[in-house]
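Reader: I'm new to reading protein models, and the vocabulary trips me up. Could we go through some of the words and see how each one gets decided?

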Amino acid sequence: MLEIAGLSSGYGGPAVLKDVSLHVGAGEIVTVVGANGAGKTTLLNTIAGLLHPAEGTVRLDGASIGRHSTERIVRAGLSLVPEGRQVVAPLSVEENLLVGAYGRKGGGAADTLAAIYDRFPRLKERRRQPAGLLSGGEQQMLAIGRALMANPRVLLLDEPSMGLAPLIVSEIFLLLGELNRQGLTVLLVEQNARKALALAKRGYVLESGRIVLEGPAEELAKSPAIVEAYLGAATSEVAA
């Protein structure tokens with residue numbers, strides 16, 4: 001479904017990503033774990049068209065999208081839930097959701113909106129309120145709902161657990177599992193390696209802009225290097 005090969009990307013100076021290759025099969029949840037500054041957000045921003053690669057290719061269903069605009073990439077079936085949620089605070093909850101349907105191919109936005117309200121009753125209750133008044137967990141649900149309004153085939157998520165209470169984090173990961181069982185392909189970037197590897201089928205470890213490990217998520221979770229570098233930290237994050 002999604003294939004990245006030899007990808008190098010950055011912000012005009014030295015490359016942040018260096019020769020990154022990975023793939024996500026249809027119906028998979030694949031995670032990329034790594035420390036802060038490893039290049040995880042740069043990776044998702046490049047896939048989503050917010051950055052253009054200096055080298056390498058990004059393909060969706062075999063078609064190159066590496067130099068397409070973000071709007072065109074969304075139309076092709078790929079949506080990003082950005083780091084920090086980035087809801088439009090002055091707009092209402094419903095207006096934020098409708099922004100996600102901008103440029104959507106075909107109809108059905110009203111049905112998708114109704115389905116999102118069924119999935120997130122709290123958003124329906126607060127649909128006329130400014131998004132900036134929502135709690136962090138509610139804003140994360142709104143950011144996911146906004147991405148789903150585009151009716152994507154592939155969902156990219158950048159640190160969805162960031163800054164949230166453990167109970168809310170568990171709810172979000174349960175939601176991602178449910179969406180995947182309904183057919184949605186997911187690429188999850190996450191610092192909480194324990195939860196990410198428990199959810200995903202396969203995983204990659206990104207360090208200093210390079211993929212240094214990859215394999216089945218269950219095997220990565222048992223790797224001494226991963227346990228030492230990430231899983232202890234993830235445990236302390238969840239307990240915080």
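Author: Sure. Keep in mind that this is a predicted model. Let's start with E159, whose relative accessibility is 4%.

Reader: What makes E159 count as buried?

Author: Buried means under 20% relative accessible area. E159 comes in at 4%, so E159 counts as buried.

Reader: And its partner K40, is that one buried or exposed?

Author: Buried: K40 has 5% relative accessibility, and the cut-off is under 20%.

Reader: Why is the pair K40 and E159 called a salt bridge?

Author: The rule asks for a side-chain nitrogen of Lys or Arg within 4 Å of a carboxyl oxygen of Asp or Glu. For K40 and E159 the closest N and O atoms are 3.4 Å apart, so the pair forms a salt bridge. K40 lies in helix α1 (residues 40-47) and E159 in the loop between β7 (154-158) and α7 (166-181), so the pair ties together parts that are 119 residues apart in sequence.

Reader: How do you know that K201 and E28 form a salt bridge too?

Author: Their closest N and O atoms are 3.9 Å apart, and the limit is within 4 Å. These two link distant parts of the chain, 173 residues apart: K201 sits in the loop between α8 (193-199) and β9 (202-207), and E28 in the loop between β2 (17-24) and β3 (29-33).

Reader: What is the label for K201, buried or exposed?

Author: Exposed means over 50%. K201 has 58% relative accessibility, so K201 counts as exposed. E28, on the other hand, is buried at 9%.

Reader: What about R119 and E178, why do they get the label "partly exposed"?

Author: Partly exposed covers what lies between under 20% and over 50%. R119 is at 28% and E178 at 33%, so each gets that label. They also form a salt bridge, with closest N and O atoms 3.0 Å apart. R119 belongs to helix α4 (residues 109-119) and E178 to helix α7, so this pair joins parts 59 residues apart in sequence.

Reader: How many salt bridges does the rule give?

Author: The count is 11. Among the residues involved, R122, E125, R126 and E138 are linked in a network.

Reader: Let's turn to the helices. Why is α3 called oblique to α4?

Author: Helix α3 (residues 93-100) and α4 pack at an angle of about 130°, with axes 11 Å apart. Roughly perpendicular runs from 65 to 115, and roughly antiparallel is over 145, so an angle of about 130° falls among the rest, which count as oblique. The crossing itself is right-handed. E94, L97 and L98 of α3 make the contact with L113, I116 and Y117 of α4.

Reader: Which residues touch the most other members of the largest nonpolar core?

Author: L97, L123, L142 and L157 do, in a core of 43 residues. Leaving out residues up to four places away in sequence, L123 touches V93, Y117, L134, E138, M141 and L142. There is a second, separate core of 25 residues, including A38, I47, I73 and V154.

Reader: Last one: what makes I211 partly exposed?

Author: I211 sits at 22% relative accessibility, and buried would need under 20%. I211 is in strand β10 (residues 210-216). Again leaving out residues up to four places away, I211 touches V20, S21, Y204, V205 and L206.

Notes
Residues are numbered from 1 along each chain as its sequence is written. This is a predicted model: local features need pLDDT of at least 70, side-chain atom pairs count only at pLDDT 80 or more; totals for chains, interfaces and linings use all residues. Side-chain values use heavy atoms; hydrogens and water are left out. A nonpolar core is a set of buried Ala, Val, Leu, Ile, Met, Phe, Trp, Tyr and Cys residues joined through side-chain atoms within 4.5 Å. Buried means under 20% relative accessible area, exposed over 50%, partly exposed in between (1.4 Å probe, protein chains only). Contact means heavy atoms within 4.5 Å. Helices (H or I, at least four residues) and strands (E, at least two) are DSSP runs, numbered from the N terminus. Axes are lines fitted to C-alpha atoms, for helices over the stretch in contact, and angles run from 0 to 180 degrees between N-to-C directions. A crossing is left-handed if the near helix is turned anticlockwise from the far one by less than a right angle, and right-handed if clockwise.
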